[in-house]
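Me: Please take one part of this structure and go through it closely, strand by strand and helix by helix. Some context from the rest of the chain would help at the end.

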Amino acid sequence: MRVALVHDYLNQMGGAERVVLALHELFPDAPLYTSIYDPKRVDPAFRRMDIRTSFMQKFPLVTSHHQPYLPFYPYAMESLDLRGYDLVLSSSSAFAKGIVTRPETLHICYCHTPMRWCWNYEEYVEREQLGGLARRLLPFLISRLRLWDQVTAARVDHFIANSPVVAERIRKYYRRESVVIPPPVDASRFKFEPQARGNYFLIVSRLVPYKRIDLAIEACNALRLPLVIIGKGRDLPRLKRLAGPTIQFAGQLSDAEVLDYFAHCRALIFPGEEDFGITPLEAQASGRPVIAYGAGGALASVIEGVTGVFFREQTVESLAAVLATFDERAFDPYTIREHALEFDKPRFQRRIQQFIEAKLAERRSGEQALALSSAATQGRPPGQVGTPGS
């Protein structure tokens with residue numbers, strides 16, 4: 001069976017890219033198609049893959065400043081040549097599901113979310129530092145992208161959602177049903193040292209406005225609590241201006257350093273509303289509890305009172321109230337890690353494999369039924385092949 005993988009873009013590393021790595025392990029010979037690719041910005045494992053990019057790869061500075069090229073992504077995805085494949089797996093939070101495949105190709109989309117910034121435009125841009133011209137022009141572009149996003153959902157044969165929240169969005173915006181398969185956490189990567197506890201809270205994230213890292217900074221400022229922030233992004237200058245003396249920006253660290261911070265933190269703070277959010281599970285794989293905003297994907301990965309706690313309003317005051325009374329000793333590291341193992345990578349891969357096999361079997365059964373129906377209509381015995389009268 002000839003298989004291809006498709007992903008939106010490969011110029012940053014996050015949970016979606018880890019899903020692609022797990023899918024590629026299932027199909028190690030499959031080429032990976034994408035709009036743009038920067039090997040320096042993603043896991044080194046991608047360098048061992050057959051990665052095929054679109055015409056956008058030649059655009060100046062596109063891998064470091066991809067947002068200004070927003071209008072080109074639909075055309076880039078539709079330009080990818082996916083002829084000759086029996087199965088195409090797209091990993092999409094924006095454009096990858098819009099690829100064009102042949103009628104005989106089975107297209108399964110692992111959907112991280114319908115375009116968040118497209119369907120929740122006002123909420124998304126209110127914290128973005130956009131100029132006046134961009135704010136005037138973007139609504140027209142967003143309207144066209146919404147239409148494209150809706151229309152191209154029909155190109156997908158089957159959707160997999162990464163959480164119940166995303167499944168509901170797929171139903172709402174695309175009028176399609178989906179099966180929920182949570183993304184994987186590679187639990188074997190993480191250090192489990194249940195007796196080793198530091199004195200700091202932790203954030204591991206891309207530093208962009210919708211992640212709401214400002215809430216954690218201001219809450220820890222108010223309570224004078226140590227907070228370590230790992231990651232980089234365009235929101236860094238603003239966040240540094242907010243930070244008091246107990247806030248440490250660690251920047252982009254090696255995997256080994258990040259794992260050490262996970263293993264020794266009091267808890268991970270997860271202040272944004274995410275579609276799923278793999279980072280809370282990574283903390284739990286280390287046996288550490290999570291303090292999360294009680295909405296979105298965190299509701300599917302954190303068990304309140306068992307593996308973490310929620311703050312119910314996305315405000316500094318609500319988060320600070322939880323932090324002020326938080327006691328990590330109330331959480332059992334062994335129970336927390338056991339919960340994370342329910343999302344371990346082998347389990348994810350097994351569920352994906354079973355889903356694909358079931359859909360391939362359905363397609364074969366449908367093709368056989370169509371052949372039998374056609375044969376009966378043309379007056380041939382069911383087992384006979386050929387043109388009428390042959």
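Reply: Helices and strands here are DSSP runs, numbered from the N terminus, with at least four residues for a helix (H or I) and at least two for a strand (E). The model is a predicted one. Its pLDDT averages 91 over the protein, and 92% of the residues score at least 70. Residues 385-390 are an exception to rely on with care: pLDDT stays under 50 there, and the model gives this stretch six contacts beyond four places in sequence.

The part chosen is the open sheet of six strands. Its order is β10-β9-β8-β11-β12-β13, and the pairing is parallel. The edges are formed by β10 (247-251) and β13 (308-311); each has a single partner strand, so one side of each is left without a neighbour in the sheet. From one strand to the next, the twist averages 25 degrees.

β11 is a good place to start. On one side, β11 (residues 267-270) runs parallel to β8 (residues 201-204), and two bridges join them. F201 has A267 of β11 as its bridge partner, while L202 stands opposite L268. On the other side, β11 pairs with β12 (residues 290-293) in the parallel sense, over three bridges. L268 also appears here, standing opposite V290 of β12. Between these two strands the chain passes through α10, and the resulting β-α-β crossover is right-handed.

Both faces of β11 are covered. A267 and I269 lie on one side, L268 and F270 on the other, and all four are buried. Buried here means under 20% relative accessible area. In soluble globular proteins, nonpolar side chains tend to be buried together.

Two helices lie across a shared group of strands. Helix α7 (residues 213-223) crosses β8, β9 (227-230), β10 and β11, and runs at about 160 degrees to β9. Helix α9 (residues 255-264) lies across β8, β9, β10 and β11, at about 145 degrees to β8. In α9 the buried residues are V258, L259, F262, A263 and H264. Their packing partners are β8, β9, β11 and α10 (279-285). An α-helix has 3.6 residues a turn, so residues three or four places apart point the same way.

The loops on either side of α7 each hold a residue with unusual backbone geometry. Most residues other than glycine have a negative phi. R212, in the loop between β8 and α7, has a positive phi of about 60 degrees although it is not a glycine. R224, in the loop between α7 and β9, also has a positive phi, near 55 degrees. Their surroundings contrast: R212 counts as buried because its relative accessibility is 11%, whereas R224, at 57%, counts as exposed.

At the β13 end of the sheet, T307 sits in the loop between α11 (298-301) and β13. Its relative accessibility is 0%, so T307 counts as buried. Leaving aside residues up to four places away in sequence, T307 touches Q284, P289, V290, S301, V302, F331, I336 and H339. V290 is the β12 residue that stands opposite L268. T307 and G287 are 20 residues apart in sequence, and their C-alpha atoms are 8.6 Å apart in space.

For context, the chain has another open sheet. It consists of seven strands in the order β3-β2-β1-β4-β5-β6-β7, with parallel pairing. Its edge strands are β3 (51-53) and β7 (178-180), each pairing on one side only. Neighbouring strands are turned by 25 degrees against each other on average, direction ignored. Within it, β1 and β2 (residues 32-34) run parallel and are joined by three bridges, with L5 facing L32 of β2 as a bridge partner. Helix α1 (residues 15-26) packs on this sheet, touching β1, β2, β4 (87-92) and β5, and its direction makes about 175 degrees with that of β1.

The largest nonpolar core has 40 residues, and V6, F95, M115, W117 and F159 touch the most other members. Among the elements that each supply at least two of its residues are β1 (3-7), β5 (106-111), β6 (158-161) and α6 (164-174). With five residues, α6 gives the most. That helix lies across β5, β6 and β7, at about 140 degrees to β6.

Conventions
Residues are numbered from 1 along each chain as its sequence is written. This is a predicted model: local features need pLDDT of at least 70, side-chain atom pairs count only at pLDDT 80 or more; totals for chains, interfaces and linings use all residues. Side-chain values use heavy atoms; hydrogens and water are left out. pLDDT is the predictor's confidence in each residue, from 0 to 100. Contact means heavy atoms within 4.5 Å. Two strands pair if DSSP finds at least two bridges between them. Axes are lines fitted to C-alpha atoms, for helices over the stretch in contact, and angles run from 0 to 180 degrees between N-to-C directions. Buried means under 20% relative accessible area, exposed over 50%, partly exposed in between (1.4 Å probe, protein chains only). A crossover is right-handed if, with the strands pointing away from the viewer, the path from the first strand over the helix to the second runs clockwise. A nonpolar core is a set of buried Ala, Val, Leu, Ile, Met, Phe, Trp, Tyr and Cys residues joined through side-chain atoms within 4.5 Å.
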